Each structure stands twice: as C-alpha cells, then as structure tokens.
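Q: Could you take me for a close look at one part of this protein, going step by step? I would like to see what lines it and what lies behind those pieces.

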Amino acid sequence: LLLVRPAAPAPPPAGGLAGSRGHGSEGAILPGEAVIARRLAASLTAAVDAALVDLGVPPALCEDGGRGQAAPALAARLGCDPTALFRLLRAGAATGVVRVVSAPGGDSADDEAASVRFGPTSLTVALAAGPAAAVAAVYARHLGAAYSRLADAARRGTDAYSLAHGGVPFWTRVEEVGDGATFSSAMAAAEGLISPALLASARPWGGTREIVDVGGAHGTLLARLLDLAGPDARGTLFDTPAVVEAARAAWRAAGRGSLQAAALASGRVAFQGGDFFKASTLPVLRPGALAVARFILHDWCDADAAAILAGLRSRVVVEDEKVGGRQRGTAAGGSAAAAPPPPSLCLIELVLPPGAAPPPHPALALSDVNMLAAVRGGRERTASEWAALLARGGWNLTSIRPVGTVFLLEAATAEVGG
C-alpha cells in the first residue's frame, strides 16, 4: 500500500525537528506545525483516493471517453449524495486523481456542483481496474479503520484490525465479505516493486528445473520467472483453491504473446490449490526446484511462519526417483550427467536494519507498522530474525540480496546449507 503511490513528504533530517521548525520538500525551513499538517494531508489524500474507488468513481469517469461528468449525474448513477461527491471530486482534482474538464461556475455551492464536469487522469485509469484499484479498495474496506486504532493496538499488544472490526481478524473478515479476489489482485501491485531488469539480474534463474510459486495469487511473478528460467523450466502456482481457479481463468484470458499464454501453450505450468498450513497439500519440491514465496511470511507470527517453512521442508525430495530402470541424472549410455541441485527456497520480503538503525527507505519501517495494524503477529524482520525463523523451519539462510526496495533471501535445506 505504502509503496504504490508515495504521497508523504520527505521526512525531516536525521536530527529531527530543530525546535519547532522542520524542512519542506523544496528545502525551505517550515514551522513544525506545517510539517505535521503536510503529513496529515498526505494521509487524507490516500483516504480520498480510497473513497472514490469504493464509490465506483474511477470506472464511471473512464466509461464516457473522458468527456466529463457533473457530480449530480454521477451521484445518481452511483447512489450517493451529490454535494458530498462534488467535494470529494474537488479534492481529487486538487491532488491529481481526477481533473476538471469544464467549470462554468455558479452563484452557490449547489450551482457549482451541478455545472463542474470532472474527467479522468492517468491515476483515474489506474484506479479503475487492476492492482491499483484493488489496493485502494483494501484500504477503503479494511485498513483505513485499522489505522485509526493503532494507539489501542499499542496499548493492548494486539493487531489494530481486529479492534476496529469487532474482534474479527483480517483474513477471516476478508473472506467473509468476499474480498479474497480483491486482496489477491492487490498483491499483484507488488510487481511494480521489482523491475524486470532488476529481477533478471538478481540471481541466475537459468537452469532451474521447476519454480513453485507459494501463495502466488494470480501468478504474474511465476510467468516472469518462467520466462527468465528458460524453455525447459516448469512452474506450479500454489494458492487457495478459489484463488487458483481465478488465476487459471486469468491465464487463459491472457492475450496472445503474453508470458502466460506462452507458458500455457507449451504445457509448462500447473495450478494446485491447497492450504500452506496443511503440508500434505503443498507441491512436492524435487531436485532442481526453487520454491518462491513473495510477501507471504511477513503476514504471520513466528510460530505460523515457521510452520509454513516446515511444511515446505517436509515436501523436499533430495534424490531423484528412478526413471526407466536407471537413476535420473545418468545418460542412456551410462555416462553420468550433472545431477540437479537439491531444492531451494527464495523469499521475496523486506529486511529491516537491526535495532533502531534508520532504514534506507521510510516505507520499510512503515510497512512494519502496516503489519501491526492489519494482522495479529505479522511483522517485518531483520536479517538475524529471518535467519532464526528459517532455521526454525528447517532451512539455512545462504544469502540476502537487495533488489530495488525489496530483498531476495535464499535458503537451502538445513542438511545442505549447514
């Protein structure tokens, strides 16, 4: 959420506010009160975006070809108050999420609401459908209320979300209100955190025999990784049965020339539904396989995250089965071929610096607070915490690579990595 549309101004210098004065984005010295006001305005900007998405404004504005619509007509269509909607649209125009197409003016607020026509911007188009719209919808329906209870969460040592929603945890309520598919779509916004070039150079993907995307949502990451791994690699998308079926439909609907269409046409991808807390439903990890989990473990407390890791470890097959009466890895003439490496694990997560050291980007620390708000026990972790968690689940951390604003944490089974 915090990395999709950065709206907050730059933080004050490392020394904090000097007296009651701070720095503005243009380098001028501003009173401390003005700095705080800007920070609050940034959070209100996100709230306006979320409200417009929840009301259905972005797709409605995009449907008329950008000619523009007045608030009363739009309000009648969307079932809301025209004056209140006009005020939201006016704020959205001020922050660039919509634009004013024509503004004849009027003698009263009601006249203005009836005469001003609003149209879409590039942000409107992004919020009309797809990952950005899903992120805003999750904020509007779930996280906004949780953020308002952060102080209570700190007092009680629990998550803010359940306090804001009558004791119902995030995952339970998301399913109860039918937002599972919306959340999966929101997770696709994480694609923007790693450019294709950075991902390609992050590690040697070639030679990987199979990529298992654990909790892979719609499988956009899996499609990219299969392309990087080469034509001989196969992939398995693993998620809940409902999400997997939605992903299967999305892959089938992908346009000709897409990475998804190419993988389907060559029979290189499988879809498997299950529950990563039930190890028997997880895919088997054979030699040469790489299990990838992107932004999965930060959602869970240490005990639950370790259980997921242990489940994956239990599915590891260290030696290939025999094929056609000979051990796989031996050529037909008897000459030994290079044996595939043991299965390995790659986590795509955030890594916090130790202690109170300032993170390289404020979003790292803010994402940890987002976990505090949203999910009980969820958290971002330091390198040493990741190493301890992996060891608890039967894996040894072998490397950490920064890739843009995220990190690739590679791990081997304890027998291999130790």
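A: Let's begin with a pocket and then follow the elements around it. The model is predicted, so local features need pLDDT of at least 70 and side-chain atom pairs need 80 or more, while totals for chains, interfaces and linings use all residues. Residues are numbered from 1 along each chain as its sequence is written, and side-chain values use heavy atoms, leaving out hydrogens and water.

Our starting point is the second largest pocket, with a volume of about 650 Å³. (A pocket is an open set of points on a 1 Å grid where a 1.4 Å probe fits, with protein on both sides within 12 Å along at least five of seven lines; lining residues have an atom within 4 Å of a point. The volume is the space filled by probe spheres set on the points.) Its lining has 29 residues, and W171, F183, D239, T240 and V243 lie nearest the centre. Two or more lining residues come from each of α10 (170-176), α11 (180-187), β6 (210-214), β7 (234-239) and α14 (241-253). (Helices are DSSP runs of H or I with at least four residues, strands runs of E with at least two.) Sorted by class, the lining holds 16 nonpolar, seven polar and six charged residues.

Look next at α11, which gives the largest share of this lining, five residues. Buried in α11 are G180, F183, S184, S185 and A186. (Buried means under 20% relative accessible area, exposed over 50%, and partly exposed in between.) These buried residues of α11 pack against α7 (131-147), α10 and α14; contact here means heavy atoms within 4.5 Å. F183 therefore belongs to two lists: it is among the residues nearest the pocket centre, and it is among the buried residues of α11.

Now go to β6, another element of the lining. β6 runs parallel to β9 (289-294), and five bridges join the two; strands count as paired at two bridges or more. Within this pairing, D213 stands opposite V292 of β9. In β9, six of six residues are buried. Both faces are covered, with A289, A291 and A293 on one side and L290, V292 and R294 on the other. One step further, β9 and β12 (344-349) are also parallel, again with five bridges, and R294 has I348 of β12 as its bridge partner.

Finally, return to α7, one of the helices that α11 packs against. R141 in α7 reaches D54 in helix α1 (residues 32-55), 87 residues apart in the chain, through a salt bridge of 3.4 Å from N to O. (A salt bridge puts a side-chain nitrogen of Lys or Arg within 4 Å of a carboxyl oxygen of Asp or Glu.) D54 counts as partly exposed because its relative accessibility is 43%, and R141 is also partly exposed, at 34%. D54 and R141 join D179 in a network of salt bridges. For a second pair, look at R203, in the loop between α12 (196-202) and β6, which is linked to E410 in strand β16, 207 residues apart. The R203 and E410 side chains meet in a salt bridge of 2.5 Å, N to O, and both residues are buried. The whole structure has eleven salt bridges.

Definitions and conventions
Ala, Val, Leu, Ile, Met, Phe, Trp, Tyr, Cys and Pro count as nonpolar, Asp, Glu, Lys and Arg as charged, and the others, Gly among them, as polar. Buried means under 20% relative accessible area, exposed over 50%, partly exposed in between (1.4 Å probe, protein chains only).
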